[in-house]
Structures are given as structure tokens and as C-alpha cells.
Amino acid sequence: MIYNVLIGGAAGLGMETMAFILEKTLQRKGFEIFVIQDYMSRVRGGHNFFQIRFADEEIDSHGDELDGIIALDKETIQTHLNRLKTDGFIIADEEIDFRDARLYSLTLKSTAKTIGNPKVFGNVALGAVLKLFNLDFTGIEEVINEKFKAEEAAIQNMKAFGEGYKLVTGKYGIKVNGKADRILINATEAIALGALASGLKFYSGYPMTPATGIMNYLASKMNEAEIIVEQAEDEIAAINMAIGASYAGVRAMTGTSGGGFALMVEAIGLSAMQEVPLVVAEIQRPGPATGFPTRTEQGDLKFVIFSSPAEIPKMVIALRDPEDAFYQTQRAFNLADKYQIPVILMGDQFLADSTRTVKYFDFSKVNNDRHLSQEVYSEAKEYRRYEITDTGISPRIIPGKLPGTRVLMESHEHDEHGQITESGTVRNRMHDKRLRKMTYLKEDLQEPVFVGEEDYDTLLLTWGSVSSPVKEAIRLLNSQGKHKYSALLFGDIWPLPDKLLKEKVKGVKRLINVEQNATGLFSSLIRECTGIECDSSILKYDGRPLSSQEIVSRIKGGEQE
Amino acid sequence: MNQSVFPNLETAWCPGCGNHNILSALKGALIALDKKPYEVLVVSGIGQAAKLPQYITTNGFCGLHGRALPPAAAAKIANKQLTVIVNSGDGDSYGEGGNHLIHTIRRNIDITHFVHDNQIYGLTKGQASPTSDIGHITDVQPNGSNNIPLNPMLLAIALGCGFVARAFSGDLEHLKSVMVEGIRHKGYALIDILQPCVSFNKVNTYQWYGDRVYKLGGDYNPENKLTAIEKAMEWGDKIPIGILYREEKPDFHDKIDFLKNGSPLVDKVIDMEKISGFMNDFR
């Protein structure tokens, strides 16, 4: 079973609390959950909604079809009615004037007033939802007590649940799994946890939607984890601070969205030139300029891959889901330290704001390797910051620790000691040394994840956050069509891993790229790197996330043409 | 001077450039403070002054134009045991990096900022800088600089900077003594060092500065903000040098318990058990 419920209304009406309580309650009951948020770039008013999809089986996407609408205003019903199943339900307060056979017009507000707190009307509605699904009260009290620290508020909210429960009769029969062994998390929180697990000590950032979640979570742990989270005056300061902290020897990171990343670009080159390890999260939103601040897109792919003047060693990892975000962030820190390069983690608003149930992260897999030189340098044993080596990687030490050593990092072209040079020969040797790191980096690349049937005729190619909905779409397609489908889900995108791609495209009838942008940036990258051309594209750039259902219907639509 | 601690290295500066004296004074100040080269980090942006980390055997970070302060501040946060000094020019510190100047003052991190202020862009061959006087004619300002000159001293005092000083590269001993006080000061210290550019500034020469600067005497109280503001506004026939304003106040590290106490951030061991416990936030 899979159900999909929408909670909608104007900003400031308390939807976030409602969604939180419903998600958490369903999580504690052992369901798999996938929640997306659709909000406007404003603090009050407008139309915002949460879509909570829950199931007793694996789910990897949000859904478009709705089983239920909890409407805090009339606009919510009008906007989403066309997506409501014929046997679905609507829950709304009696004051909302609307006619539909599926509508439960309930005394939400007056019940809340009777309880003595008009604010608890949302939980009256949630009580009714719970009853419709024939779910008991297990887990609710725990969630309410965690959310409302004041005893009186907690009691009133619990009471609201109970009263709402009485307003309707049961509609669905659901089996509760009861195995609540998952965490409910979004990718910005997972990135933050991954960074903490990596031993992050310094994060600098300038607030920018949809990347701010990383900074918010880290800041909430600042004193407990003993890390510094510094709100910079701008993105330029943010990235230059992270580089300065990394120079001084701590693991450091910054994060932003496309517009802020544009300001950081010069310093991406600095990180590569000075060979200072750096991790940057670029959480995309539709642009250019201010664009759609609260919506999703994958339009920055080439911008990020080619960010920085000149040719530099760099790695770009696209995050596929919260679990991937945790482990890849940790890997990014290790690779940044190993190669002394900038590593950029790419996400987007869909990834940042969708909350999912995932397995507890396995901290036994966390292996932090700083790749610092173990040599004891002194005046007698000279330290050369940019020593030429076969791999291009020079020994790195922490400044200020060893008497007689000098750690000089330069943004000019420099020699092995970090001294400025104008020599063409030295330039060539140093540029070759830096770029040589890319050759070795390729040995550390991860091939894309392959999902689907072994005897496929259609192969989908996707990257980053769209991987999840594509994965679910492949399951749906293979359960119904005459064709057989598979997909390659790319995480590492620069340098582009091409071994599995070259192997899997052999003999394929149709090769389709699925991306959230207008021009098929990833298919263009693949063509540039491998000569492989996609036959057709599924693209979306209206700022709304691609769902598994939309991918399936667009593939089927394409087959009929 | 103790040559074995801070040997002279070859520089790319013009003969007669004020940078030579600033470098000598810095070495003298570090020796007076008994700092070993490896304990010191000199950070710069880009420009002629910003080449200074190349010419001293301390640790060095030569970053991007205008961006010396953010990495310097972060390096001090990461390792409070480093003595962090920023040496950069007026274009780097007041022009391209103006925003960072404002916010580094607000952060009050314990670093010292020496601005080599020659009122001109040297490396790019002679354009007006934020401190160029009105009417200063250059190739790019053929009608003379029309913009109101930035007053870094007044700006810093207004922003609440705890150490605001001015010095002159032509008076080595005084410069050194102001540097020593600046490095000793707990918190961000700004020292604007007047310095002739022998190649591109034919107005503000050694003689021009020499005729105008005078040392603040023992009767001057740098702890009085109002008189400090008056002194900071003195520019023209007479230019005061010395510590214009000084105020002891908690610095960045003082306000964060785990930074103030215990080992530097760079030496702290992560508590993996505590961090894995954070997953319970998402239970």
C-alpha cells in the first residue's frame, strides 16, 4: 500500500507543525515516508503545501496522485482537486464553503476553541486523518510531548487528536509494520551530519535558500560538537574563510546555491592553486539571478564543473538522496584531503527539502583520513609545500607545529617552496603537477548505480536527486510494460566515470536522459566525454520536482508517438 | 637585527619603496615580541604590499585580491596559537576588500592588520586608490580623483575597533613600536601605515609625509573616543601618527567557551560517539 496526503494553506497557518506531527507519527508506526515541501519565497500568505507519501514498501519518490487533501483554506482544494483520486478525501473546516462528495466538512476550529486553544485545530484535523486510515494512537503522544515542551500545550494537542478522531468513521484498512528502525531526515541535514562525522570544525556560509539547512543544523550543534559556524558577510568571505581554516589544518566547508556559488568561483581556483582542501555544497535552485528561490532545478551542472578561471583539478559529486548525502559528504572530505583540491557536492531544492525515512547511518563505515605528511621536517630536513611528486600530491603539514618549517601557500604561480615565479619551465612543471592529480583521482571514482532488468532495451541516464524518482519509475515500468527498462544513476559526475556507461549502452535500443533542466546538460556532458548520444530526453524546468509517475507517463507517451 | 631568525630575502620592490621599511619594522617587532617564524602567519591579498609574505620566513598565505581578512580570521579561529598578521595595501584592504574590513572589525578576532597605504595603486601602475586625495590626477582619473577619500581611521573607530593606529614608513623605530603594540593588542588591530610610492605617486612623497606627520605625545589619551575621532579627522597640513584609539574588550574567542578554553580547534579530537548520537534528533 502507498498513500499520499497533502496539507496545504497560506504560509503562517501552522502547516509545518502539522506536517511534522503527521510525518513523525507515521514514522514511529514503521511506515516508509517521502515528504516534499512546496513553498513560496514569502513569510506570510501565498499557497504552500506539504505532500506526505507513506507506504509499507520501499518508496523513492513523491507522488502526484493524492489520496487525501487537508485544506486550511479554499485555495488548497481548488488548486489540488484535479489530482485527488475519485475515492479520495478532503478534510476542511466547516467555514470553508466548497461542494464535493469527497469533502469532510468538520468542526475543526470550534472543537479547538472548546478545548481552550484555537491553535490546536490542526491536530483536530490530524486526529480525523488518523481515524480515516484506522490507525491507533501509538506514537502520537511521544511526538506531541517532544514537539510541545509546555505541559498544558501538550495536553491540549493530545486532546485535539482525540476529538478529531471522533469526527469521522474509518475509511481505509492498513496494516502497521511497527518496525520503527528508521530516521526521518532531509539531505541538508544529512550533509551536515556527514560533515560532523568527518570531523568538520569550521563552516562558514551566507544564508541562501535552499542551502541554509546545512548551516542551520550545524549551528544547532555548535556548542555540543565544539565547531565554529560563522555567518559571513558574503559568499566571497564565506569561501575564503573556509580556505583559511583549512590552510590552518581543520576540516572546513562552505555551502550556498547557484547565485552565491557564482561569487565563490574565484576562490574555487584559489583552493586548486594553493592546493588547500575544500568542500563546498552547491544546492541548486532555478536561476539565473534570483530565479525561483524556493524551487528546484539542475541547471548548474556545467557551471559548477567548469567553475574557476583556467584549468584546475576538481571533483564534483551529485548527491542522490539523504543516505547518499551522508556518505558522500564524508567521502568528499577524504578526497579533498587526499588530493588537496576543491570537492563540490551538488544538490538541489528537491533534495534539500524532501524528507525521507532512511536506515541509521553506519558510523562504523566512517573512516577519516587526513592524508597529512608524517615526516618530521625541520631546518635540517627542508619542507617544500609544493614538492613535485609522481602523483602530483605534495606533502601537507599543519602550519605552526614544527619549528624550522615554513608553510607558504601562494595564489601566484610558484615554485616548490611556494615562491612566486615567472619561469615558463616552472609554470609547466607546476601546472602539470596540479593537473596530474586528476589522473589519479580517476582511480577513486565511483561508477553510477545500475538499477533495473539485465535484459533491458531502454536505458535511462540520470544524475543527482532525480536518481530516486527514476529508480522508482524503473520498478513501475518493469511491472507493467512490454519493454524492459534499466537506469544508470550517476553520483560522481566530474571527472565523469565512463566504464559502466560504455558497457551498458552496448546494444541498447533507446537511451534517454532524465534531468531537471531545459537543455539536457548531463547528456551534453556525456557526449563531450564519451561520444555517446542520447536518443531522447525527459526534461523538466518549471521548478517542480519530477516524480516517478511523471517519468513513467512521459516515457509511455514517448513510446506511443 | 637578528639575521639568523629573519634573514633578508630578495624582493621585487622598487628601490626606495616604503615597503622595505615596513618589512624591516615587522621583523623587528616580531623579534621584540620573541616570536619564532613558525609561530607566525602572515596573510595578504594581492598587490605590491601583498608580496610581503614572500619576503619573510614566517608561514605565509597569499590569497586573492581584497580577500586577505577572511582567511586570516579563519586561520586564527582554527589555531589560536598562531600569531596572525595581515599585510596588504590600501587598494586591497579598503577597495576590493572594503566589506571584509567592516565585518572583520565587527568580529574582533585577535589579528593585526597592517595596511601599506600609499594612496595609489602601485602594481597596476598608478590608478587612484580609495585614499587618494581629491584632485589627484592619474591616467584613469585625468580630471583628478573626484571621490571623497576614505578615512580608514574614522571608519574603524566608528565601527568599534579596539585598536586604531597610524604610522609612517619613514619613521622606522616609531613604526616598529606601534606594530609591537598592535600585535600585543587582544582583538583586531588596524594600523594604517603611510608609505610613499616612489614610482607612481609623485604627490604624496617622503617629503610630503615628512613635512606633515607628527607623533602623538604622552599627554594624548587614546582611550577617549571623542578626542580620537577628532584626531582621526586631522588630515592635511598636519597628520597625527601613533595610537589614535585603544579599547580593551572581549575578542571573538572570549565569547565562545570552547574556543577560549582548552586546546586550539585544530588539536581538538572529535567525539564520534557524541556525533553519532545526533542521529537521535531524527528518530
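Into which domains is chain A divided? Some notes on that and on what touches what; keep in mind that this is a predicted model.

1. **Domain layout.** Chain A splits into four pieces: domain 1 covers 2–165, domain 2 covers 186–365, domain 3 covers 372–444 and domain 4 covers 449–560. These bounds come from an automatic or database domain assignment.

2. **Domain 1 against domain 2.** Within chain A, the C-alpha centres of domain 1 and domain 2 are 33 Å apart. The two do touch: 12 residues of domain 1 of chain A meet seven residues of domain 2 of chain A. On the domain 1 side, the elements giving two or more residues are α1 and β2 (32–38) of chain A. β2(A) has the largest share there, with six residues. If you care about chemistry, that side of domain 1 has six nonpolar, four polar and two charged residues.

3. **A helix pair in chain A.** Helix α1 (residues 15–28) of chain A also has helix α4 (residues 121–132) of chain A to deal with: their axes come within 10 Å and cross at roughly 35°. The crossing of α1(A) past α4(A) is right-handed. From α1(A), the contact uses T17(A), M18(A), I21(A) and L22(A), while α4(A) brings G122(A), N123(A) and L126(A). Sorted by class, the residues of this contact are four nonpolar, three polar and no charged.

4. **Chain A against chain B.** Here 53 residues of chain A and 43 residues of chain B take part in the contact. On the chain A side, the elements with two or more residues are the helices α7 (187–197), α9 (222–225), α10 (235–247) and α11 (258–274), plus the strands β7 (182–185), β8 (200–205) and β15 (408–410). Which of them gives the largest share of the chain A side? That would be α10(A), with nine residues. By class, the chain A side comes out at 31 nonpolar, 12 polar and 10 charged residues.

5. **Strand pairing across the chains.** β15(A) is worth a second look, as this strand also pairs with chain B: three bridges join β15(A) to strand β2 (residues 59–62) of chain B. The two strands run parallel. For a spot to click on, take M409(A), whose bridge partner in β2(B) is F61(B). Watch the labels here, since there is a β2 in each chain: β2(A) spans 32–38, whereas β2(B) spans residues 59–62.

Note on methods:
Residues are numbered from 1 along each chain as its sequence is written. Chains are lettered from A and ligands numbered from 1 in the order in which they are written. This is a predicted model: local features need pLDDT of at least 70, side-chain atom pairs count only at pLDDT 80 or more; totals for chains, interfaces and linings use all residues. Axes are lines fitted to C-alpha atoms, for helices over the stretch in contact, and angles run from 0 to 180 degrees between N-to-C directions. Helices (H or I, at least four residues) and strands (E, at least two) are DSSP runs, numbered from the N terminus. A crossing is left-handed if the near helix is turned anticlockwise from the far one by less than a right angle, and right-handed if clockwise. Ala, Val, Leu, Ile, Met, Phe, Trp, Tyr, Cys and Pro count as nonpolar, Asp, Glu, Lys and Arg as charged, and the others, Gly among them, as polar. Two strands pair if DSSP finds at least two bridges between them.
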